[in-house]
Every structure is written in structure tokens, then in C-alpha cells.
Amino acid sequence: MRFQNPTRTASSIAMMAVLTGSVFLAASVTPTQAADFGPVQPEKFDVKKADIGKRLFYDRRLSGDAAISCASCHDPEKGFANDLPLSKAYPGSDGFRNTPTLINTVKRDAWFHDGRIGTNLNDVTRESITEDWMMNMDMRIMQERVKQDPIYVNMFKEAGWGEPSNGKIRNAIPEFLKTLTSRGAPFDTGKMSASAKKGFELFKGKAGCASCHSGPIFSDSQPHNTGVPENPDIWSDPMRHHTFVAYAMFMGVENYMNIRRDVGAHVRTHKADGSDIGKFMTPSLRELKYTAPYMHNGTVKTLADVVAFYNNGGGMDPNKDKSLKKLGLSKTEQANLVAFLEALTGDPLTGPAHVWAGTISTNYEPIANWRNVPN
Amino acid sequence: MKNAKTFNVIAAAAFMSTVSFAPSAVLADGHAMGPDINLPLAALGNPPIAADNPTSPAKVELGKMLFFDPRVGGDASTACSTCHEPKQGWAFADGFSRGYPGTVHWRNSQTIVNAAYYGKLFWVGSASSLEKQAKSAAKGGVAGNGEDDIMEARMAFIPEYRKRFKAVFGTEWPLIKDVWRAIASFEQTLIQKDSPADKYLAGDKKALNEQQLRGMKLFQGKGNCIECHNGALTTDEKYYNLGVPAPERWDEDGLAQITFRFEQYAKGNTQEQYRKIKDDGGLYYRTKEKSDLGKFRTAPLRYLKYTAPYMHNGVFWDLREVVEFYNAGGGTNIFTDGSMAKSKTPLLKPLGLTDAEIDDLVSFLEAYSGPEIEMSPPKLPPYAPLPMVSK
């Protein structure tokens, strides 16, 4: 069921949930969207390689000036996101979007709020490490830093990878990301409250949420314009605004000095009429309790506010998706929806399986007998 | 050494009667042809100004601000001046330049003073203009580590720069290429041509004392320094392997080892070379000719008093050490002893200089430095939001 399909109805959405795999629906429904709502299937992963990825994830030496790691923005205590409306960025810049969670990111088809990477997490890793306002790392230096650390050298060897290389680093981090899948949410364990159960019915039915928030992670991995208001802090703060300009320049957005709105998925499709401006990728609805504030720019503080936003038919935008309409949900219905959304949050991924135990030194020991051993 | 320019050859031939045509005619860097003529020492004139980047006081002033502005760099903490610090001879007073945060460089930072005169810049001549040098340094992973888009974007949020770029370059928004052009114009003002040696060469026979004059004679005679350090620039701008020893820092410092390998990787070495090499391959990285392993550009001699340590890797901490190195006929490294190459220039031979003669030579070298060029960093203009223009 595509969000853009004007003929869809609440009943067909409900049908979709039960008729998975139906030949009748297959012609108009993508596999992701037709899938059951949950639970999230764990990914198979290579323990040793994922362990390398885990250490790399928490290692500040993966950024150009060794000031930040992946975890600086993707904080395990905050659902591998963080609580700032707009993310931090590499030193010297500041962010212009909310940090998305990495939990279940392995289940996505496209990444970043604008969906600019639609290939795989290896590319996402490369983009995040090398982009000048994210980690600004020359990956050749990264490789040599990792090769300088005997702990990594040993881990790579033990994992059957030989010596560290930047290509393997880009494989190791996605291997770790495979471990970040939701588990234990009341929705999955059958322990939802009565209110949450009512919320689920609304979600599939009257509220129409499921038309975009579908599948096990509750996302169709498609861009939509819901009219989320701009975050004025981007445009009033030169540290954020210049970062946006650099991004827009790099992404080939026209007139980048004069725009004052986040173009979103326009960077995927570059439609000449600009009708794709302001579309953002449907986020997953899992682990929301850890990841406030919400929306691509962090402008909505609570889940109650999110539900109220959609109850009002979304925001104001000339390109807003026409299928967003006022929902007429009562206060109780809205509360039920919030209860349902909260029931999609599982166990925190804050234990040693997901957080590197101990500190990672940013000092480098010299290689002994340097002149007589191969580089 | 050899210079293809006819004018220079004639001028030199007319002046230099004592300089040999020497075995060096077939050696040197292997590229030149024709007789080996050493240009006479001469006073320095004004630096050349590229026709496509004419200077103006406003451009120089803007370039000065940009030279000191760390926002022209990756994390807004390193400016040109970070590694070319006015108080450290417009260079950096350590063997290796300090490098971008989280890194160390792998070569000695060269002074900006008189950079405007040279045909090529960096230790192996990898930049052909001041503009290109500035750009490479601001973007290099162990130098400025900046990217064009973010640096250009930052400039747009500094109202004072918008005004100045518009006045100087006529653009609505600052362009990154004009950042390099303005910096080049500023660097053309950092010149030293009033050293005692320059005054002497310009005709003031009292500008050098007795010792310095003895040193000058040795420079052109027994020391044969003029073989490469010749002409008004005191450099033939060619490349030689002198056998400068590899710095011990590579044996002792993990950070330096990282950069060493990164450079082998980044410069397009073969896998075999990457594994094996344990010293800076120099000109080889540009030409990929094995005969160029370990070669570096003849360093100019002005402003030396302020720019210790010396050589491409900063292994010598004073000028006496440098002269003693040449007196011993240069040194050895993996590009001289055959373990990777045998590219040492045969021009270097033990000189047999006495201690007193070494002192004389050092005093002459010091006479190529005039007053220190002092400058306080300019006050840098702040960021400000752009007006809310609706699209």
C-alpha cells in the first residue's frame, strides 16, 4: 500500500495487515509494506566482526580531529539517538536535523532523514565518517590509526580478516548495527495494556497511521511531506545554517544561499517543480520512548504532541500529502494511540552487548622495531 | 644547477668564471640537459605577481584575515598561521609541522617568507602557485583537513567577509577559490630582501663584516654551496638526495608512524613500496621514478635565522649542524645505501672545512636573514545570521 495511493481506505489497510502474501494485493503492495507489523526479527551477525564494529562505534579516533565517535550523537542511553532537537555536528559546525535512532536501522531500505543513501549500511557508514560536517575523516588516515592499535590488529586477525583496512572497517560497523534490533516491546510480548490495544486499532484504522508506518519497524522507508514546521533554530544560527548550506551545495540543491527550509528528500529526486521539497523519510516508531524529541528537526517534544499534530491533519505546507486530513480523534483516542506507540518501545540496548565496556585510549603506542618490520 | 632559461645561462656564464662545468653536468636530478651553470648570487627584487591574480591593498588585507582565520580549515581550529606562525619564523618550530588535531605532519613546515618567489612550492614542488599551495594545505588530511563546501559556506556567514569579497572579487557570495587568491596576495607581502647579504649584493660593500665575507667566499668556493644554492633566490629549485637521515621520531611516536603510512597510501605507492619504505620518498611521489627517491627541493636560504629546525624533516636544529653535515659530504639513508635506491647526489663530497671555516659559513648564512617580520594576528570578524529571505 503506497501512501500516495488515493484510493486506499482504512479497511484496505486493515486487510493488508492480515492478507500478507496475498496474490490479489501483491500487484499494488511492496513486500515491506505488506509485511506483518512485528516483531523485529533478529539479524544473524558474525560475533567477532560485530565486536570490532562495536569498538569502532565508540572510538573517537574515527573522526578527523579525534573529538567525536559515532556514539557522540548516537547515544545508547537515548536509544542510539540523542535528546537534542537538532543534532550536534563535527567541531566547527552544528547540526540541522534530529539524530535518527540506529536501532533497527539494518531493517531500512534508505537512510538519513532525506533518504539520500538507498544502497546499504556500508555506504551509510562511509558517508557518516567522511562527510565534513559529520566526522570529517580521511578514511586513509582512519585505516592507519586502526592499524596502529594492537587491540584492533588482534581483533581483525581473530575475526579472519587479516590486517585492518578501511574497507573492513566499513563492514565491521554495519555488522555491529545488525545487533541493534528491538526486543521485548509489550507489542511483541503480548503484554499491551487495554489502552494500547485500542490505540493499535486506531493506528490501523481511523487514524490511518499504518499507511506509512507499516511493517515490523513501522516504516515504509518512503519520503512523505507531512507539513512539519521548520525549526527556526537552523536559520537563526550561523553554525547550523552554514552546515545546511554546505550540505545543500554538496547535494546539488539549487539556490542554496536563499532557501530557508530543509529540502529533505528533494536531494533524492531533484524534481524541477520542487514538489518533492519538504518530504522526509518515514521514521520507525520503535523505541520512541528513548528518542524524544521527534520529527526530522526535533520540533515536536512529546508523543502526545505528535499525535495531536496528525489529528490536526499534519502541518501547513503547499506540498503536503493530500491524504493527511483532520482525524477527529477524541482525547481518549489520542491517549490510546500514545499508549500504543509507547508499547513499541522495548528493552534498552545499554548493556555490554551494545556498549563497549571500558575506555578506548586515543593515544598510540609506537610500533617497536619500526624500521625493520613491514608497514 | 642547470637552468634552461637562456637569459640566466648567459648572465651566469658572464659572471662566474670559477664555477666548474663539473661532473654534475650529467648527474644532478637526471632531467636537465646542457652545461651546468650556477647563477651568481644576487640581491632579491620584487616577487612576481601572477597575471590572473593581480594584487591590491584590499585583497592583501582580506588575505591577511583569511590567513589567520581557523574557519578556513576542518574543525575551525587550524588556520594557515597555525603551522606558519609569525613568531616561529612563519613556520613551525619543530621537526615535523604540528599537523591537524589528532595528527602530526611528516615534514618540516616551510616559512611563508619569500614563498612568493618560487616557481613551485612544498618540499617536492607539488604546487605550482601560492594559490594552489594554500588550497592543498587547507585541505590536506594532516594539515587543514577542510573541505571546499563547508569552508565556502562558513565565509558566507561572516558579514565582514561578504562585504570584502564583494569589493575585491565582485561576487555576491565569497567563493573558496577567491579565498586562496586573497591568501596568495597577502603572502606576496611577506618578503625579505633587505638582509645584510642582499645589501652587500646590491652594492653596499660595508653590509657584510670580515667573517661573513670569508663565509661568502667559502660558499662559492671550497664549500661549493653555490652549486645548488645559487642565483637571487639562493636555490636552483631543483631536487636532490643529500642523504639526510630519517628522523628518529618515526621510531618513537605512534602518531608519526600513522601519518607516515597514510602518506605512502595517499601518494599512490605500490603495495610493495607501501610495505617496504621507511623514509620519505620525496620527489618520487610526483614522478614515480625510482631515481627520484629521497630527493627534495633545494631550500632557499633567506630568513633561516628564524626557521629552525632545518631540512625537509627538521632533523638539524642549528645552522652549524647543517654545515657540518655538508662538510662530511652529506649523510646516508635508505635511498643512498642501496636498500631502496642509490640516488644520492655525487655533488656532495667531504669538504675539509676547518672549525673556523664552518663558523665563517654559518655567519654568512645568517647574513641572509634581516629583521624579523613581526605581525599580530588581525581581529577576526564574527559570524552573523543571514536575513530570513523567503523563497
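A:Pro293 sits in the loop of chain A between strand S2 and helix H15, residues 303-311. The peptide bond that joins A:Ala292 to A:Pro293 is cis, with omega about -5 degrees. This is a predicted model, so please hear every value today as computed from that prediction.

Chain B has a cis bond of its own. There the bond runs from B:Ala308 to B:Pro309, and omega is near -5 degrees. B:Pro309 lies in the loop between S2 and helix H14, residues 319-327, of chain B. That loop also holds B:Met311. B:Met311 is not a glycine, yet its phi is positive, about 80 degrees. Is B:Met311 buried or exposed? B:Met311 has 21 other C-beta atoms within 10 Å, and is therefore buried.

Chain A has a non-glycine residue with positive phi too: A:Asn255, with phi near 55 degrees. A:Asn255 is placed in the loop between H13 and H14 of chain A. With 8 other C-beta atoms within 10 Å, A:Asn255 counts as exposed.

That brings me to H13 of chain A, the helix ahead of that loop. H13(A) covers residues 238-250, which is 13 residues. At 1.5 Å a residue the expected span is 18 Å, and the end C-alpha atoms are 18 Å apart, so the two agree. After H13(A) comes A:Gly252, with a positive phi near 75 degrees.

How many of the 13 residues of H13(A) are buried? Ten are, so the helix is largely enclosed by the rest of the structure. Among them are A:Pro238, A:Arg240, A:His241, A:His242 and A:Phe244. Further along the helix, the buried residues include A:Val245, A:Tyr247 and A:Ala248. What do the buried residues of H13(A) pack against? They pack against helix H12 of chain A, residues 232-236, and also against helix H5 of chain B, residues 148-156.

Next, the domains of chain A. Domain 1 takes in residues 10-41 and 186-342, while domain 2 is 47-182. Taken over C-alpha atoms, the centres of these two domains of chain A are 25 Å apart. The contact between them uses 38 residues from domain 1 and 30 from domain 2. On the domain 1 side, the elements that give two or more residues are H12, H13, helix H14 at 266-269 and strand S2 at 280-281, all of chain A. H13(A) gives the largest share of that side, seven residues. By class, the domain 1 side has 19 nonpolar, twelve polar and seven charged residues.

One helix pair in chain A is worth a look on the screen: H4, residues 47-57, and H9, residues 166-177. Their axes come within 7 Å and cross at roughly 95 degrees. H4(A) and H9(A) are therefore roughly perpendicular to each other. From H4(A) the contact includes A:Lys49, A:Ile52, A:Leu56 and A:Phe57. From H9(A) it includes A:Ile169, A:Ala172, A:Glu175 and A:Phe176. The contact is made up of eight nonpolar, two polar and three charged residues.

Now the two chains together. In the contact between them, 42 residues belong to chain B and 38 to chain A. On the chain B side, the elements that give two or more residues are H5, helix H10 at 249-252, helix H11 at 254-266 and helix H12 at 271-276. H11(B) has the largest share of that side, with nine residues. The chain B side counts 21 nonpolar, nine polar and twelve charged residues. H5 of chain B appeared earlier, as one of the helices that the buried residues of H13(A) pack against.

Chain B also has a domain assignment. Its domain 1 is 6-40, 193-246 and 285-366, and its domain 2 is 57-187. Within chain B, 19 residues of domain 1 touch 19 residues of domain 2. On the domain 1 side, the elements giving two or more residues are helix H13, 284-287, and strand S2, 296-297, of chain B. That side divides into eleven nonpolar, four polar and four charged residues.

My last stop is B:Pro57, in helix H2 of chain B, residues 57-67. Buried or exposed, which is B:Pro57? It is exposed, because 10 other C-beta atoms lie within 10 Å. Between the C-alpha atoms of B:Pro57 and B:Leu386 there are 28 Å, and along the chain these residues are 329 apart.

Definitions and conventions:
Residues are numbered from 1 along each chain as its sequence is written. Chains are lettered from A and ligands numbered from 1 in the order in which they are written. This is a predicted model: local features need pLDDT of at least 70, side-chain atom pairs count only at pLDDT 80 or more; totals for chains, interfaces and linings use all residues. Helices (H or I, at least four residues) and strands (E, at least two) are DSSP runs, numbered from the N terminus. The expected span of a helix is 1.5 Å times one less than its number of residues. A residue is buried if 20 or more other C-beta atoms lie within 10 Å of its own, exposed if 12 or fewer, and partly exposed in between; C-beta atoms are placed from the backbone. Two residues are in contact if their C-beta atoms, placed from the backbone, lie within 7 Å. Axes are lines fitted to C-alpha atoms, for helices over the stretch in contact, and angles run from 0 to 180 degrees between N-to-C directions. Angles under 35 degrees count as roughly parallel, over 145 as roughly antiparallel, 65 to 115 as roughly perpendicular and the rest as oblique. Ala, Val, Leu, Ile, Met, Phe, Trp, Tyr, Cys and Pro count as nonpolar, Asp, Glu, Lys and Arg as charged, and the others, Gly among them, as polar. Domain bounds come from an automatic or database domain assignment.
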